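Open your viewer, switch to a cartoon view and keep the selection box handy. We will go from stop to stop together.

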Amino acid sequence: QYTAWVPHSLAKLPDNVSNEEGAMVEPFAVGLHAIQVSQVKPNDKVLILGGGIIGMTCAEWARTYGASELTVTEINPQKMEIIKGYGVVDHVVKADAPDLDAQLQEISKGGYDLVIDCAGIPSALQTGINALKKEFYMRVTAVGLPHAQFPIDYEHIVLKQVILRGSKGHNFDEFRSVINAMSTGRLSVKKYVSRRIKLEQVQEGFEAMKAARGLDTKVIIETE
């Protein structure tokens, strides 16, 4: 089967990048875009809200760009253990812990330079704003799409001159950068594939994903 597409939106995978790895290019390009929008600097302390695939790709790139400390919040205790197993972040904290604000202050020793919201949930974003260092010009980047409009601590943003940015998708240069990082071995992505589904078993696969209640990080549908 064939389709027509604009040439500048196509990228050929190198011979040493598998189709499965190719399926991971897009989420890693989203993470790279978020990190570049966030202007991550060496020794930044970074808090990532949400431990799904986009949260983890943000963590991977934040580390590459020199972040000194990475913390991820996640609500599912089993998923927390999975995230720890990836060996990318320094701390994984339960997102609905009653003492979450205190935990984040203790871990960061006074707050974070940057918060990346991959959850799109009002309480998560407010947690992130609260977790920033008590200095001017700390950064928040919104990546996760919200399901509805929600309130924000506007006064805190104004008085502390918080830099709030949005990050949407990726551009083609970032797409190519991810492919290059995979090809040269600077980026290892296969560990994030949590489930593989045969094309003829798609319905059963989606039902299994639903039953797993968010434990999957990235699911691949195999067409061959």
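Which strands does helix 2 (residues 25-38) lie across? Select that helix in this predicted model, and you will find strand 4 (114-117), strand 5 and strand 6 beneath your selection, with helix 2 running at about 150° to strand 5.

**Stop 1: the six-stranded sheet**

Now colour the strands. Six of them form an open sheet in the order 3-2-1-4-5-6, and their pairing is parallel. Go to the edges next: strand 3 (91-94) and strand 6 (163-166) each have a single partner strand, so one side of each lacks a neighbour in the sheet. Neighbouring strands here are turned by 20° against each other on average, direction ignored.

Zoom in on strand 5 (residues 139-142), which runs parallel to strand 6 and is joined to strand 6 by four bridges. To find your place in this pair, select Arg139 and look across to Ile163 in strand 6, which stands opposite.

Then select helix 5 (residues 100-108). Helix 5 packs on the sheet, where it touches strand 1 (45-49), strand 2 and strand 3, and its direction makes about 165° with that of strand 3.

**Stop 2: Thr71**

Stay with the sheet and pick Thr71, which belongs to strand 2 (residues 69-74). Is Thr71 buried or exposed? Its relative accessible area is 0%, so Thr71 is buried. Show side chains and you can draw a polar contact of 2.9 Å between those of Thr71 and Tyr112. Tyr112 is also among the residues that Thr71 touches beyond four places in sequence; the others are Val46, Leu47, Ile48, His91, Val93, Leu104 and Ile107.

**Stop 3: helix 6**

Next, select helix 6 (residues 122-130) and highlight Ala124, Leu125, Thr127, Gly128 and Ile129, the buried residues of this helix. What covers them? The cover includes strand 1, helix 5, strand 4, strand 5 and helix 7 (154-159).

**Stop 4: two cysteines**

Type in Cys58 and Cys118. How many disulfides does the structure hold? There are zero. Cys58 is in no disulfide, and its nearest cysteine sulfur, that of Cys118, is 4.1 Å away. Why is there no bond to Cys118? The 4.1 Å from the sulfur of Cys118 to that of Cys58 is too far for a bond, because a disulfide here requires sulfur atoms within 2.5 Å. Both cysteines can be checked for burial too: Cys58 is buried at a relative accessible area of 0%, and Cys118 counts as buried at 19%.

**Stop 5: Tyr192**

Move on to Tyr192, in the loop between helix 8 (172-183) and strand 7. Although Tyr192 sits in a loop, its relative accessible area is 0%, which means that it is buried. Show its contacts beyond four places in sequence, and Met24, Phe28, Ile53, Met56, Glu60, Tyr86, Val88, Thr217 and Lys218 should light up. For a sense of distance, select Ile157 as well: this residue and Tyr192 are 35 residues apart along the chain, and their C-alpha atoms are separated by 35 Å.

**Stop 6: strands 7 and 8**

Finish with strand 7 (residues 193-198) and strand 8 (residues 218-222), a parallel pair joined by five bridges. Val193 is a handy landmark, with Lys218 of strand 8 standing opposite. Add helix 9 (residues 202-212) to the selection: strand 7, helix 9 and strand 8 make a right-handed β-α-β unit.

How values were computed:
Residues numbered from 1 in each chain as written. Predicted model: local features only at pLDDT ≥ 70, side-chain atom pairs only at ≥ 80, totals over all residues. Heavy atoms only, no water. Helix = DSSP H or I, 4+ residues; strand = E, 2+ residues; numbered from the N terminus. Buried < 20%, exposed > 50% of the residue type's maximum accessible area, 1.4 Å probe, protein only. Polar contact = N/O pair within 3.5 Å; in protein donor to acceptor, adjacent residues only side chain to side chain. Contact = heavy atoms within 4.5 Å. Pairing = 2+ DSSP bridges. Axes fitted to C-alpha atoms, helices over the stretch in contact; angles between N-to-C directions. Right-handed = clockwise from strand over helix to strand, strands pointing away.
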